[in-house]
Amino acid sequence: MTLSDRDRRILVILAVFLGVVVVYLLADWALGGDGAGSVTAKQEELRKIIGQYRTFQKTKAAFEQAEKAIKRASDFELLTELESLAQKAGVKEHIVAMDKKAQPKNPYYKEDSVEVRLDKITIVQLINYLYELEYSTKVIRVRELHAEVRYDNKDEINVRILVSKFSETKSGEA
């Protein structure tokens, strides 16, 4: 049986195609694949990438929300706000000192901190003041709280609270 030139070309093209497929499958098998599972593996990899992208989107949204809060926070004086909240909580007359504290510099935000010392307050007064700090319309954060029971009256405590507010830094400022 004799093949025409057209049939020989088709046969050569078919042989080359099958050779390429065999080489691909051998290469896939040599690299640890089983040939059939590569599509499943790619689908799983795609699922992981989509999951990571969703996590990134959530993190980005939370970061943007925090930036907005920092912008809102920068328009008030912390000492004044703490004194106002102490007045609301009924502990203003117990304030012994309010001292500004230096915080480490950060290239992304500026942190202002104030240490408030209160003497001879009850636990209920402390809770009221902490409530006012937590639910203030301003964005502030209680960084430290130290309470000591007084020796002369076990129903009263002396408290030291470190409170911070954050504001944006201008570009180039650290």
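Reader: Which residues does Ile161 touch, leaving out residues up to four places away in sequence?
Author: In this predicted model, Ile161 touches Val114, Glu115, Val116 and Leu118, then Leu126, Tyr129, Leu130 and Leu133, and also Val142, Glu144 and Leu145.

Reader: And how many residues does the largest nonpolar core have?
Author: The largest nonpolar core has 19 residues, and Ile161 is among those with the most contacts inside it, together with Leu82, Leu118, Tyr129, Leu133 and Ile140.

Reader: Which elements give two or more residues to that core?
Author: Two helices, α3 (78-89) and α4 (123-134), and two strands, β2 (109-121) and β4 (157-168), each give two or more residues to this core. Of the contributing elements, α3 gives the most, with five residues.

Reader: Switching to charges, how many salt bridges are there in the whole structure?
Author: A search of the whole structure finds 11 salt bridges. One of them joins the side chains of Glu111 and Arg143, with N to O at 3.0 Å. Because Glu111 lies in strand β2 and Arg143 in strand β3 (residues 140-149), this pair ties together parts that are 32 residues apart in sequence.

Reader: Are those two buried or exposed?
Author: Glu111 counts as buried at 14% relative accessibility, whereas Arg143, at 36%, counts as partly exposed.

Reader: What does Glu115 form a salt bridge with?
Author: Glu115 forms a salt bridge with Arg160, and the closest N and O atoms are 3.5 Å apart. This pair links distant parts of the chain, since Glu115 sits in strand β2 and Arg160 in strand β4, 45 residues apart. Glu115 is buried, with a relative accessible area of 11%, while Arg160 counts as partly exposed at 26% relative accessibility.

Reader: OK, and what does Arg150 meet in a salt bridge?
Author: The side chain of Arg150 meets that of Asp152, with a N to O distance of 3.0 Å. Asp152 is exposed, with a relative accessible area of 55%, whereas Arg150 is buried, with a relative accessible area of 14%.

Reader: Which residues do salt bridges with shared partners join into one network?
Author: Lys101, Glu115, Glu144 and Arg160 are joined into one network by salt bridges that share partners. Two members of that network, Glu115 and Glu144, also appear among the residues that Ile161 touches.

Reader: Different topic: where is Ala66 found?
Author: Ala66 is found in helix α2 (residues 38-73). Because its relative accessible area is 36%, Ala66 is partly exposed.

Reader: How far apart are Ala66 and Val139?
Author: Ala66 and Val139 are 73 residues apart in sequence, and their C-alpha to C-alpha distance in space is 10.0 Å.

Technical notes. Residues are numbered from 1 along each chain as its sequence is written. This is a predicted model: local features need pLDDT of at least 70, side-chain atom pairs count only at pLDDT 80 or more; totals for chains, interfaces and linings use all residues. Side-chain values use heavy atoms; hydrogens and water are left out. A nonpolar core is a set of buried Ala, Val, Leu, Ile, Met, Phe, Trp, Tyr and Cys residues joined through side-chain atoms within 4.5 Å. Buried means under 20% relative accessible area, exposed over 50%, partly exposed in between (1.4 Å probe, protein chains only). Helices (H or I, at least four residues) and strands (E, at least two) are DSSP runs, numbered from the N terminus. Contact means heavy atoms within 4.5 Å. A salt bridge is a side-chain nitrogen of Lys or Arg within 4 Å of a carboxyl oxygen of Asp or Glu.
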